[in-house]
Amino acid sequence: MTTNPLNMTAIKYSKGSTLADPDCLIDVEVERPIPGPHDLRVDVNAVSVNPLDTKIRGGQVAAPDSVDSLGWDAAGIVEAVGENVTLFRPGDAVYYAGSFDRNGSNAQFHLVDERIVGHMPESLTFAEAAALPLTSLTAWQLLFDRLSVRRDKQPVPGSLLVIGAAGGVGSMLTQLASQLTGLTVIATASRAQSRAWCLAHGAHHVIDHCQPLQAQISALSVPPVTHIAALSNTTEHWKELAELIAPQGKIGVITDHNSLDAVPFKAKSVSLHWEMVFTRPLFGTPDMIEQHHILDEVATLVNAGVLRSTVNHMIHPLNAFHLREAHQLIENGGITGKVVVARSAVDSVKLKP
């Protein structure tokens, strides 16, 4: 912590660096940012680390040159607000994913537009809440906005196939689909641990994505696969997905590609949908405030016990050394759920009993 009240501690990253580089992530002292008209200045208590963080640090994904700090998931307390803020006030507990074109949440204080922030679930700790925003927004927008699945528990004659269901987005998508829709949820996982994780988060069936998918699905007594969420290793499964999806089905993709051939889906009139969680804040879309509404709805569902946090690895305190540890866990692969770095052990204690 800095002793200058006008400054703060931030964790800066070195663009194109590996974890072997001692300067890949470093603690620095910088000026405390001043909120813009719609900004909250959040006192950050916990952040989660996503594959996006490691990809930007490693140079696989380019971030704007103005971005010095990573981190697109946070939970904390509103410390100050901009002049036009109406949704929050100092002292409110919040959680959010931020925007791709602004400095990330790996800092003592962080600026974020109020329209993409939610009231933190009262039933969770800061660490548990920090695991939710990016994956919840991605899963919600993919399922309900892109794939146009109805929020209705009435059984429907269709199945949702989730490729890579044990990861952060997959864990939330599985919960949302099984709890809020009538679709049969078929998850993919290749290890016993990840298979158990998928079942615990609501999957009706789990198949192995290291084996041919069509034969495994054919062996199940399930409705046709009308919806597919391609969350990982999409190109490896692309040809088979075109074969197993039902005519007039929908496929949603979140993975990064230089190109992706949609022609194999033409004969079945299958629609292809991209989901990028930062689209609304990045382009300042007229419905940008929908992310605020989604996060508030997720908080309500969490408090009601319908959804739960997917944190599975917790580290503290929040500094460059421990963020490097979190990045290593992500780069090693094969983990279930989310990796969270909290400011202190206290941030793992619930706000309310």
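In this predicted model, Gln248 sits in the loop between H7 and E12. Its phi is near 65°, a positive value in a residue other than glycine. With a relative accessibility of 66%, Gln248 counts as exposed. A second case of the kind is found at the other end of the helix: Asn233, placed in the loop between E11 and H7, has a positive phi of about 45° although it is not a glycine. Asn233 is partly exposed, at a relative accessible area of 44%. A positive phi near 55° also appears at Ser148, the residue that follows H3. For context, most residues other than glycine have a negative phi, and most peptide bonds are trans. On the second count, the bond from His316 to Pro317 is worth a look, as it is cis with omega near 0°. Pro317 belongs to the loop between strand E14 (311-315) and helix H10 (320-332).

The loops of Gln248 and Asn233 lead into a sheet and the helix that lies across it. The sheet is open and has six strands in the order E10-E9-E8-E11-E12-E13, paired in parallel. Its edges are formed by strand E10 (205-207) and strand E13 (271-274), each of which pairs on one side only. On average, neighbouring strands of this sheet are turned by 20° against each other, direction ignored.

Going through the pairings one by one helps to place individual residues. E8 and E11 are joined in the parallel sense by five bridges, and here Ile163 stands opposite Ala230 of E11. E11 also pairs with E12, again in the parallel sense, over four bridges; in this pairing Ala229 has Gly252 of E12 as its bridge partner. Strand E12 (residues 250-253) in turn runs parallel to E13, with four bridges between them, and Val253 faces Trp274 in E13.

How well covered is E11? Six of its six residues are buried. One residue of this strand can be followed in detail, namely Thr226. Thr226 is buried, with a relative accessible area of 19%, where the cut-off for a buried residue is under 20%. Leaving aside residues up to four places away in sequence, Thr226 touches Pro157, Gly158, Ser159, Leu183, Ile245, Ala246, Gly249 and Lys250. Helix H7 (residues 234-244) lies across strand E8 (159-163), strand E11 (225-230), E12 and E13, and runs at about 170° to E11.

Helix packing adds two further contacts to the picture. Two packed helices are described by the angle between their axes and the distance between the axes. For helix H3 (residues 133-146) and helix H9 (residues 290-303), the axes come within 10 Å and cross at roughly 105°. H3 and H9 are therefore roughly perpendicular to each other. On the H3 side, the contact involves Pro133, Ser136, Leu137, Trp140 and Gln141, which meet Gln291, Ile294, Leu295, Glu297, Val298 and Leu301 in H9. Sorted by class, the residues of this contact are seven nonpolar, three polar and one charged. H3 is mostly covered, with 12 of its 14 residues buried. Among the buried residues of H3 are Leu134, Thr135, Thr138, Ala139, Leu142, Leu143 and Phe144, and Pro133, Ser136, Leu137, Trp140 and Gln141 are buried too.

The other contact brings together helix H1 (residues 51-58) and H10, which pack at an angle of about 100° with their axes 9 Å apart. This angle makes H1 roughly perpendicular to H10. Pro51, Asp53, Thr54 and Arg57 of H1 make the contact with His327, Ile330 and Glu331 of H10. By class, the contact of H1 with H10 has two nonpolar, two polar and three charged residues.

Finally, the chain can be set beside its database record. In an unreviewed entry, UniProt lists residues 17-341 for "domain: Enoyl reductase (ER)". Over residues 17-341, the model is 30% helix and 23% strand. The end C-alpha atoms of this stretch are 20 Å apart.

Technical notes. Residues are numbered from 1 along each chain as its sequence is written. This is a predicted model: local features need pLDDT of at least 70, side-chain atom pairs count only at pLDDT 80 or more; totals for chains, interfaces and linings use all residues. Side-chain values use heavy atoms; hydrogens and water are left out. Two strands pair if DSSP finds at least two bridges between them. Helices (H or I, at least four residues) and strands (E, at least two) are DSSP runs, numbered from the N terminus. Axes are lines fitted to C-alpha atoms, for helices over the stretch in contact, and angles run from 0 to 180 degrees between N-to-C directions. Contact means heavy atoms within 4.5 Å. UniProt positions are given in the numbering used here, feature names are shortened, and annotations may be inferred rather than shown by experiment. Angles under 35 degrees count as roughly parallel, over 145 as roughly antiparallel, 65 to 115 as roughly perpendicular and the rest as oblique. Ala, Val, Leu, Ile, Met, Phe, Trp, Tyr, Cys and Pro count as nonpolar, Asp, Glu, Lys and Arg as charged, and the others, Gly among them, as polar. Buried means under 20% relative accessible area, exposed over 50%, partly exposed in between (1.4 Å probe, protein chains only).
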